[in-house]
Amino acid sequence: MIPTVSASGLSLRYGRAQALDDVSLRLTQGVTGLLGPNGAGKTTLLRVLATAVPADRGAFTVLGHDPAAPAGRQELRRGLGYLPQTPGFHPDFTAFEFVDYVAILKELTDRTARHREVRRVLDQVDLAEVRGKRIKKLSGGMRQRVALAAALVGDPGFLVLDEPTVGLDPEQRMRFRELIAQAGEGRTVLLSTHQTEDVAMLCHRVLVMAGGRIRFDGTPAELTARAAGRVWSSTERDPAAKAGWRTGTGSFRNVGSPPDGADLLEPTLEDGYLLTLDGADAEVAA
Amino acid sequence: MRVSGQVRVGGQVRVGGQVRVARELLLPAGRALPWRSPAAGAGLGLLILAVPRLTDTEPAPWLALVLLRCAILAHAVGLAFLMDDPARHTTATVPTRRALRTAVRLALITPVTALWWTAALLLVPSHIRPPTGDLTLEAAAVCVLALAAGAAAVRLTDAPAPGVSVAAALLFTAVVAPLLLPDQWALFVPPGDQRWGVAHERWAGVLAGAVVLWGICLPEPLRRGPGALRLRSPCGTSDPSRT
């Protein structure tokens, strides 16, 4: 399959902090999850791929366009939708006016076609009813959907979503999950999140970042499999465990290197993620 | 999800070109502009100039000049907020170039500023009014400097609203510059002073420098140079966990 995004050797430094360290990746159609702790470089990677900030070193193409030249960057942006971690709005605009404003900035200059497109994306994110309401009067979840509608306007081939479900209640998160799954049909979506269950349910592929590097690249099942035979239950917290907590049933769920004869449990993607990060920490410490 | 019968907005709709984008942008950009700050600055400037008329006194020529310079500064401080854009991050990666978006903002604010300056000059009686051309040069230099500083703040930081910092820096510079500038670099001289002509050559230099700074800061960087000043990560690394 032809990759939508192809990047090699991306590096970027903020002061003394190496935010990205020689990152290479290829993304194809579908939803790819990006997991990692705070400070791992997820937002920086997304911002670089979305051309919001240039990398210090390395190169990449999106939909065949290289942003190293102004014309290439402009072409790339024509096929891009970007939902930043903290989207901002003109609060006095209505949802329709704001998405229309973004549509103009995306060079949709035919007013009739543009308004039809704005209504389409607002319908898609379930905001048709409130499209005439001022953004400052919308709830946090609705604002997030306005930002998603703005990202979707123009039918981009590459969608970059930076923690879109942060601050949403469980119902809103489930709704958003549905929207992201729909958005992933026929296009490439890169989804940064702290929610491992979002990745487990939405993504065909997952990347784990730590210390500015990609530590894992595979399917959610492969990440989960990393924890196979390394999750067990016990009546006491096992001091040998990398992580352990008391569950609702009163027994402890431990993740790490189980003792002989341990009562092994089915691992989750989160267990695989924790063990991958643990390996990354050990590598950094070494 | 592809809605049946949806608009395919590839080639046909995007043929507009920059002029059509600019035309469509005028109305929403006008609504998105932070009008309150420039309006407050302009209002304060006019109020400063109106004080002698309101108190029915005629200021001395030197005081008229000081009042005009204070009015220019007040207006420029207001203009420092012109680059504020709360939607900056949401619209960071659109294909319309930053230069065009700034040009639309300028196209909206320039006629208003020109009207304001005319009104400001008219508030000063003609027989005590300093040379209009030279003072217009001063006003242009200070206003463009404010806008260039705003553009630099946008280029070098991730703040969506750097106006407060830019305005504070401008005020600080305006207070400190007359005190610290050596005589041979004096900018703030009275009309009768023999250095008036030379000072206005310097003002022309300030204007040219501000235009160059603005020109450098306007385009988005394709590569980060060795002097890149983004010292902090924009979001994730500097914030506590948001989960």
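**View 1. Helices α1 and α4 of chain B, in a predicted model.** Here the axes of α1(B), residues 17-32, and α4(B), residues 98-122, come within 9 Å and cross at roughly 55 degrees. That angle makes the pair oblique, and the crossing is right-handed. On the α1(B) side, look for B:Gln18, B:Val21, B:Ala22, B:Leu25, B:Leu26, B:Ala29 and B:Gly30; they meet B:Leu100, B:Val104, B:Arg105 and B:Leu108 of α4(B). Sort the residues of this contact by class and you get eight nonpolar, two polar and one charged.

**View 2. Helices α5 and α6 of chain B.** Staying in chain B, we move on to α5(B), which spans residues 132-156, and α6(B), which spans residues 163-180. Their axes come within 10 Å, with a crossing angle of roughly 135 degrees. The two helices are therefore oblique to each other, and they cross in a right-handed way. From α5(B), the residues to pick out are B:Ala146, B:Ala149, B:Gly150 and B:Ala153, and they meet B:Gly163, B:Ser165, B:Val166, B:Ala169 and B:Leu170 in α6(B). No charged residues turn up in this contact, which splits into six nonpolar and three polar.

**View 3. Chain B as a whole.** Pull back a little and chain B shows seven helices and zero strands. Read from the N terminus, its elements simply run α-α-α-α-α-α-α. The chain has 243 residues, and 34% of them count as buried. Among contacts in chain B with a separation of 6 or more, 79% come from residues 24 or more positions apart.

**View 4. Helices α3 and α4 of chain A.** Over in chain A, the axes of α3(A), residues 95-105, and α4(A), residues 111-124, come within 10 Å and cross at roughly 120 degrees. Once again the description is oblique: angles from 65 to 115 degrees would count as roughly perpendicular and those over 145 as roughly antiparallel, so α3(A) and α4(A) fall into the oblique class. The crossing is right-handed. α3(A) brings A:Ala95, A:Phe96, A:Val99, A:Asp100 and A:Ala103 to the contact, while α4(A) brings A:Arg114, A:His115, A:Glu117, A:Val118, A:Val121 and A:Leu122. That gives seven nonpolar, one polar and three charged residues in the contact.

**View 5. Domains 1 and 3 of chain A.** The domain assignment splits chain A into domain 1 (1-79 + 156-225), domain 2 (88-155) and domain 3 (226-285). This view is about domains 1 and 3, whose C-alpha centres lie 28 Å apart. Where they touch, 14 residues of domain 1 are in contact with 13 residues of domain 3. On the domain 1 side, the elements giving two or more residues are α7 (196-202), β8 (205-210), β9 (213-218) and α8 (220-225) of chain A. The largest share of that side, four residues, comes from α8(A). By class, the domain 1 side has 10 nonpolar, three polar and one charged residues.

**View 6. A:Met201 up close.** The last view picks out A:Met201, which sits in helix α7 of chain A. Is A:Met201 buried or partly exposed? A residue needs 20 or more other C-beta atoms within 10 Å to count as buried; A:Met201 has 16, so it is partly exposed. Have a look at A:Ala181 too: the C-alpha atoms of A:Met201 and A:Ala181 are separated by 9.1 Å, with the two residues 20 residues apart along the chain.

Key:
Residues numbered from 1 in each chain as written. Chains lettered and ligands numbered in written order. Predicted model: local features only at pLDDT ≥ 70, side-chain atom pairs only at ≥ 80, totals over all residues. Axes fitted to C-alpha atoms, helices over the stretch in contact; angles between N-to-C directions. Parallel < 35°, antiparallel > 145°, perpendicular 65-115°, else oblique. Left-handed = near helix turned anticlockwise from the far one by under 90°. Contact = placed C-beta atoms within 7 Å. Nonpolar A, V, L, I, M, F, W, Y, C, P; charged D, E, K, R; others polar. Domains from an automatic or database assignment. Buried ≥ 20, exposed ≤ 12 C-beta atoms within 10 Å, placed from the backbone.
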